Amino acid sequence: MDLDASKIFTPRIFRPEDDGTDRPARGLDEDALQAQSTIYRDDLLAGQSILITGAGSGMGKAAAYLAARLGAQVTICGRDPEKLQATVDFIRAATDRDVLAVPTNIRDADAVEALIGRVHDHFGSLDTIVNNAGGQFPQDAIDFSRKGWLAVIDTNLNGTWWMMQEAAKRWRADGKPGNIINIVANVERGMPQAAHTCAARAGVIYLSKTLATEWAQWNIRVNCIGPGVIETEGFRMYPEEALARFHKANPMKMRGNAWDVAEAIAYLSSPAARFINGDLLVIDGGQAQWGVIWPAGMPDYFRDDGAA
């Protein structure tokens with residue numbers, strides 16, 4: 001590979017959002033995904049079987065496409081069969097690789113057990129699971145309904161746990177190594193107007209750190225990725241007032257996209273990450289050190305001069 005030192009050491013210029021509008025995009029479409037470049041070699045994940053939840057759109061879809069592009073045998077799951085099939089059709093057309101789609105509600109432990117078995121039956125093995133499925137809605141915590149609270153906790157925490165446990169039980173029984181990547185959030189400073197997912201994601205992070213120790217005896221690694229403001233179709237959940245200032249909550253004044261997360265997933269799935277265990281990789285443009293997101297819009301109480 002030809003390395004041009006002048007380019008390597010040229011300071012990167014970070015751009016603010018386009019001046020024409022503060023309204024962010026709704027993610028990378030299929031043409032944009034195919035146009036993305038990657039630093040990885042084409043066969044990086046060849047021979048690996050990777051299962052990605054919530055892969056009908058957004059970060060999960062991007063991760064599934066990149067994994068297939070890098071040679072992996074990919075299984076995707078989600079609750080919407082039509083979205084899953086659209087992802088399958090896209091990946092097959094773009095990479096000419098087999099993709100298995102299994103509609104699954106990860107809240108259902110029995111369905112998760114069946115999913116893990118299906119992957120093993122179809123591909124003969126499972127090397128990595130990416131727990132990307134999840135969801136939340138912006139709202140002040142005091143106004144959460146009981147049903148709303150339970151729905152977020154059940155998906156983001158319990159669903160992730162069922163996936164982790166079922167995969168690990170099969171790896172232990174088969175005497176095979178395993179790799180778990182949990183997509184969470186950076187919750188160190190809390191998440192105003194997203195307390196339900198903050199509670200669930202914090203649970204997953206510290207569950208992962210615990211299991212990274214417990215399950216090391218079976219050569220099972222467990223890590224997390226904490227995305228910041230990532231442009232996906234999920235932006236439709238948030239009011240325009242909130243979306244207009246999302247990028248102002250990190251010092252780069254930018255929004256990430258699904259490819260940023262997909263490449264991090266590829267890294268943690270690769271042999272290069274063999275000694276990484278129990279860690280949290282944060283992809284947020286420095287938001288953790290800078291500002292706070294108000295996904296339902298900043299309350300008047302906090303609109304003081306100098307507020308992030």
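Accessible areas here come from the Shrake-Rupley method with a 1.4 Å probe. The model is predicted.

**Exercise 1. The whole chain**

Task: State how much area the protein chain exposes, and what share of it carbon and sulfur atoms supply.

Solution:
- The exposed area of the protein chain is about 15,400 Å².
- Carbon and sulfur atoms supply 50% of that area.
- Burial can be read beside it: 47% of the 308 residues count as buried.
- The secondary structure comprises nine helices and nine strands.
- Take the contacts between residues at least 6 apart in sequence: 79% of them join residues at least 24 apart.

**Exercise 2. Helix α3**

Task: Check the span of helix α3 (residues 58–69) against 1.5 Å a residue. Then find which of its residues are buried.

Solution:
- The expected span is 1.5 Å times one less than the number of residues.
- For the twelve residues of α3 that gives 16 Å.
- The end C-alpha atoms of α3 are 17 Å apart, so the two values agree.
- Buried requires under 20% relative accessible area.
- Eleven of the twelve residues of α3 pass, and the helix is mostly covered.
- Among them are Gly58, Met59, Lys61, Tyr65 and Leu66.
- Just after α3, glycine 71 has a positive phi of about 100 degrees.

**Exercise 3. Helix α6**

Task: Repeat the span check for helix α6 (residues 146–174), and locate its bend.

Solution:
- With 29 residues, α6 should span 42 Å.
- Its end C-alpha atoms lie 40 Å apart, which agrees.
- The bend of α6 is about 35 degrees, at aspartate 154.
- Glycine 175 follows α6 with a positive phi, near 65 degrees.

**Exercise 4. A β-α-β unit**

Task: Determine how strands β2 (residues 73–78) and β3 (residues 99–103) run, and give the hand of the unit they make with helix α4 (residues 81–95).

Solution:
- Five bridges join β2 to β3.
- The two strands run parallel.
- Glycine 78 has proline 103 of β3 as its bridge partner.
- β2, α4 and β3 make a right-handed β-α-β unit.

**Exercise 5. Histidine 122**

Task: Is histidine 122 buried, partly exposed or exposed? Which residues does it contact, leaving aside neighbours within four places in sequence?

Solution:
- Histidine 122 sits in helix α5 (residues 109–123).
- Its relative accessibility is 40%, so histidine 122 counts as partly exposed.
- Beyond those neighbours, histidine 122 contacts Asp98 and Leu100.
- Glutamine 73 is 49 residues away along the chain, and its C-alpha atom is 9.9 Å from that of histidine 122.

Methods. Residues numbered from 1 in each chain as written. Predicted model: local features only at pLDDT ≥ 70, side-chain atom pairs only at ≥ 80, totals over all residues. Heavy atoms only, no water. Helix = DSSP H or I, 4+ residues; strand = E, 2+ residues; numbered from the N terminus. Buried < 20%, exposed > 50% of the residue type's maximum accessible area, 1.4 Å probe, protein only. Contact = heavy atoms within 4.5 Å. Pairing = 2+ DSSP bridges. Right-handed = clockwise from strand over helix to strand, strands pointing away. Bend = angle between axes of the 7 residues up to and from the residue.
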